[in-house]
Amino acid sequence: ARCKIPSSKATWPAFWLTGFLDWPPEIDIFEIYTSKSNTAFESNYHWGKKDDCFEHSSDVKEHTVNNTSNEFHIYACEWDSCFIKWYYDNMLVRVAHNNVNHVFEPMVLILNNAIQKVPNYESELSLPTFFEIDYVRVYSK
């Protein structure tokens, strides 16, 4: 997806995949907590016991990048039963191999912008806020 992240504090835009029938699995191509920074995003994946959000595992990494609100950037993910790869502006930023076979099943794709309920979020949030999406592309091998 090529997108521009909201500049307002207290937003939580995300581009992610979740299990078609159940959760987990989940692959977060990006999650950005604008109250923390507009120059970092998190990649993450979740696996584990179905229907029990308290009995799952996850692996999260933070990536320092250019300001995500100033211009459009490309975020991508490639995965199969052996690896998950994350890309930022066509550059590989992360490869995961551990437990990725647990997230290799049909997934649905979601892009959303949530309000991050942090202390004083009402004073930090500037509305309207925009999560601009130029395009989303999906490929299959």
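Let me start with one pair of side chains: Asp-134 and Arg-2 meet in a salt bridge, at 2.7 Å from N to O. Asp-134 sits in strand β10 and Arg-2 in strand β1, residues 2–4, so this pair ties together parts that are 132 residues apart in sequence. One caution before I go on. This is a predicted model. Please hear every number in that light.

Is that first pair buried or exposed? Asp-134 counts as partly exposed, at 42% relative accessibility. Arg-2 also counts as partly exposed, at 27%.

Now a second bridge. The side chains of Lys-4 and Glu-132 meet at 3.8 Å, N to O. Lys-4 belongs to strand β1 and Glu-132 to strand β10, so this pair ties together parts that are 128 residues apart in sequence. Glu-132 is partly exposed, with a relative accessible area of 36%.

A third one. Lys-36 and Glu-62 form a salt bridge through their side chains, 3.7 Å from N to O. Lys-36 is in the loop between β3 and β4, and Glu-62 is in strand β5, residues 56–64, so the pair ties together parts that are 26 residues apart in sequence. Both Lys-36 and Glu-62 are exposed. There is also a network here: salt bridges link Lys-36, Glu-42 and Glu-62.

How many salt bridges are there by this rule? The count comes to seven.

Next, the inside. The largest nonpolar core has 22 residues. Which of them touch the most other members? Those are Ile-27, Phe-30, Tyr-45 and Tyr-75. As for the elements, β2 (11–19), β3 (26–31), β4 (40–48) and β7 (84–88) are the ones that give two or more residues to this core.

Take Ile-27 on its own. What does Ile-27 touch, leaving out residues up to four places away in sequence? Start with Trp-16 and Leu-17. Then come Asn-44 and Tyr-45. Cys-77, Trp-79, Ile-84 and Trp-86 are on the list too. Val-103 and Met-107 complete the set.

On to the pocket. About 710 Å³ of space lies in the largest pocket. Its lining has 19 residues. Nearest the centre are Cys-77, Glu-78, Arg-137, Val-138 and Tyr-139. So look again at Cys-77: this residue of the lining is also a contact of Ile-27.

Which elements give two or more residues to the lining of the largest pocket? They are β2 and β6, with β6 covering 73–79. β6 gives the most, with six residues. Sorted by class, the lining has 14 nonpolar, two polar and three charged residues.

Stay with Glu-78 for a moment. Glu-78 and Ser-140 are 62 residues apart in sequence, yet their C-alpha atoms are 9.5 Å apart in space. Ser-140 lies in the segment after β10, which is 132–135. Is Ser-140 buried or exposed? Exposed, with a relative accessible area of 71%.

Last topic: the backbone. Most residues other than glycine have a negative phi, and most peptide bonds are trans. Here are some exceptions in this model.

Two cis bonds to show you. A cis peptide bond joins Trp-23 and Pro-24, with omega about -10°. Pro-24 is in the loop between β2 and β3. Leu-127 and Pro-128 are also joined by a cis peptide bond, with omega about 0°. Pro-128 is in the loop between α1 (121–124) and β10.

Then positive phi. Where is Asp-89? In the loop between β7 and β8, the latter being 91–96. Asp-89 is not a glycine, and its phi is positive, near 50°. At 28% relative accessibility, Asp-89 counts as partly exposed.

Asn-99 is another case. Its phi is positive, about 60°, although Asn-99 is not a glycine. Asn-99 lies in the loop between β8 and β9, and β9 is 107–115. Its relative accessible area is 30%, so Asn-99 is partly exposed.

To recap, with the structure in view. β1 and β10 are tied by Asp-134 with Arg-2 and by Lys-4 with Glu-132. The largest nonpolar core has 22 residues. The largest pocket takes six lining residues from β6. And the cis bonds I showed lead into Pro-24 and Pro-128. That's my part; over to you.

Note on methods
Residues numbered from 1 in each chain as written. Predicted model: local features only at pLDDT ≥ 70, side-chain atom pairs only at ≥ 80, totals over all residues. Heavy atoms only, no water. Core = buried A, V, L, I, M, F, W, Y, C linked by side-chain atoms within 4.5 Å. Buried < 20%, exposed > 50% of the residue type's maximum accessible area, 1.4 Å probe, protein only. Helix = DSSP H or I, 4+ residues; strand = E, 2+ residues; numbered from the N terminus. Contact = heavy atoms within 4.5 Å. Salt bridge = Lys/Arg side-chain N within 4 Å of Asp/Glu carboxyl O. 1 Å grid on protein atoms, 1.4 Å probe; cavity = no way out; pocket = protein on both sides within 12 Å on 5 of 7 lines; lining within 4 Å. Points joined across faces, edges and corners; volume = space filled by probe spheres on them. Nonpolar A, V, L, I, M, F, W, Y, C, P; charged D, E, K, R; others polar.
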